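Grab your viewer and a cup of coffee. Below are a few exercises to work through, each with a solution you can check against your own scripts.

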Amino acid sequence: MKYFILLLLLTTSLFSDSDEHNNERHINKELSHLKLSKEQNTKIKKILKEFRFDLKEFREYKEEIEKRREEIFIKEVFDIEELNRLNQELDTKSHEIENRLLKRLYPILSKKQRKRFIHYFDDWEVD
């Protein structure tokens, strides 16, 4: 019984480290580190709602592209050009979403806030 409890405690401690990282990432994506004014907060909430909608659409689009890539791979003749085209479309779409977000945030944030934001931008990248 003692060994079981010890094993349970060790397992719990291992998982606690990974949660800490997720919480840090969540806080940064929340923009709390930017110390936004009320006016900035109101404007950015609207932008983030649209960003979430864009992400949802992107995920659906990405699923479609992944199905088409699977079809390419299953066919008798492998079409590398078509695969490259699909991958390029996916990259282009993700960059458009990221660029739109940055373009809309830029005039709202101060220079200091933009520096803080860009430091954690990889948390916001569209995958």
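The exercises below go from the overall fold to single contacts and surface patches. Keep in mind that this is a predicted model.

**Exercise 1. The overall layout**

Work out how many helices and strands the protein has, and what share of its residues is buried.

*Solution.*
- Step 1: Run the secondary structure assignment, and you get four helices and zero strands. Along the sequence that reads α-α-α-α.
- Step 2: Apply the burial cut-off, under 20% relative accessible area. Of the 127 residues in the protein, 24% come out as buried.

**Exercise 2. A bridge across the chain**

Find the salt-bridge partner of Asp 54, and decide whether Asp 54 is buried or exposed.

*Solution.*
- Step 1: Look for a side-chain nitrogen of Lys or Arg within 4 Å of a carboxyl oxygen. Asp 54 pairs up with Arg 100, and their closest N and O atoms sit 3.2 Å apart.
- Step 2: Place both ends. Asp 54 belongs to helix 2 and Arg 100 to helix 3 (residues 80–105), so this pair links distant parts of the chain, 46 residues apart.
- Step 3: Check the accessibility. Asp 54 has 16% relative accessibility, so it counts as buried. Arg 100, with 39%, is partly exposed.
- Step 4: Add another pair that involves Arg 100. Ile 47 is also found in helix 2, and its C-alpha atom is separated from that of Arg 100 by 9.6 Å, although the two residues are 53 apart along the chain. Ile 47 is buried, with a relative accessible area of 4%.

**Exercise 3. Bridges within a helix**

The whole structure holds five salt bridges. Take the pairs Lys 43 with Glu 39 and Glu 89 with Arg 85, and work out where they lie and how exposed their residues are.

*Solution.*
- Step 1: Start with Lys 43 and Glu 39, whose side chains meet at 3.1 Å, N to O. They are four residues apart in helix 2, so about one helical turn separates them.
- Step 2: Get the exposure of each partner. Lys 43 is partly exposed at 42%, while Glu 39 has 54% and counts as exposed.
- Step 3: Move on to Glu 89 and Arg 85, where the N to O distance is 2.0 Å. Both lie in helix 3, again four residues apart, or about one turn of the helix.
- Step 4: Look for shared partners. Salt bridges join Glu 82, Arg 85 and Glu 89 into one network.
- Step 5: Check accessibility here too. Glu 89 is partly exposed at 24%, and so is Arg 85 at 36%.

**Exercise 4. Two rings and a greasy patch**

Which residues form the one aromatic pair that a search of the whole structure finds, and which surface patch do they belong to?

*Solution.*
- Step 1: Recall that a ring pair is described by the distance of the centres and the angle of the planes.
- Step 2: Compute both. Phe 73 and Phe 78 give 6.3 Å centre to centre and 85° between the planes. Angles over 60 degrees count as edge-to-face, and that is the class of this pair.
- Step 3: Check exposure. Phe 73, which lies in helix 2, is exposed with a relative accessible area of 64%. Phe 78 is partly exposed at 42%.
- Step 4: Collect the nonpolar neighbours. Phe 73, Ile 74, Phe 78 and Ile 80 form a nonpolar patch on the surface, and together they have about 470 Å² of accessible area.

**Exercise 5. A run of negative charge**

Find out which residues make up the negative surface patch around Glu 64.

*Solution.*
- Step 1: Cluster the like charges. The patch consists of Glu 57, Glu 60, Glu 63, Glu 64, Glu 66, Glu 70 and Glu 71.
- Step 2: Place Glu 64, which is in helix 2 (residues 38–74).
- Step 3: Check that Glu 64 qualifies. Patch members need over 30% relative accessible area, and Glu 64 is partly exposed at 47%.

**Exercise 6. An odd backbone angle**

What is unusual about the phi of Lys 35, and where does Lys 35 lie?

*Solution.*
- Step 1: Recall the background: most residues other than glycine have a negative phi.
- Step 2: Read off the angle. Lys 35 has a positive phi of about 55°, although it is not a glycine.
- Step 3: Place it. Lys 35 lies in the loop between helix 1 (2–30) and helix 2, and with 65% relative accessibility it counts as exposed.

Methods. Residues numbered from 1 in each chain as written. Predicted model: local features only at pLDDT ≥ 70, side-chain atom pairs only at ≥ 80, totals over all residues. Heavy atoms only, no water. Patch = residues over 30% accessible without salt bridge, like charges linked within 9 Å, V, L, I, M, F, W, Y side chains within 5 Å. Areas by Shrake-Rupley, 256 points an atom, 1.4 Å probe, with all protein chains shown as cover. Lys, Arg positive; Asp, Glu negative; His and termini not counted. Charge placed at Lys NZ, Arg CZ, Asp CG, Glu CD. Helix = DSSP H or I, 4+ residues; strand = E, 2+ residues; numbered from the N terminus. Buried < 20%, exposed > 50% of the residue type's maximum accessible area, 1.4 Å probe, protein only. Phe/Tyr/Trp six-rings, centres within 6.5 Å; stacked < 30°, edge-to-face > 60°.
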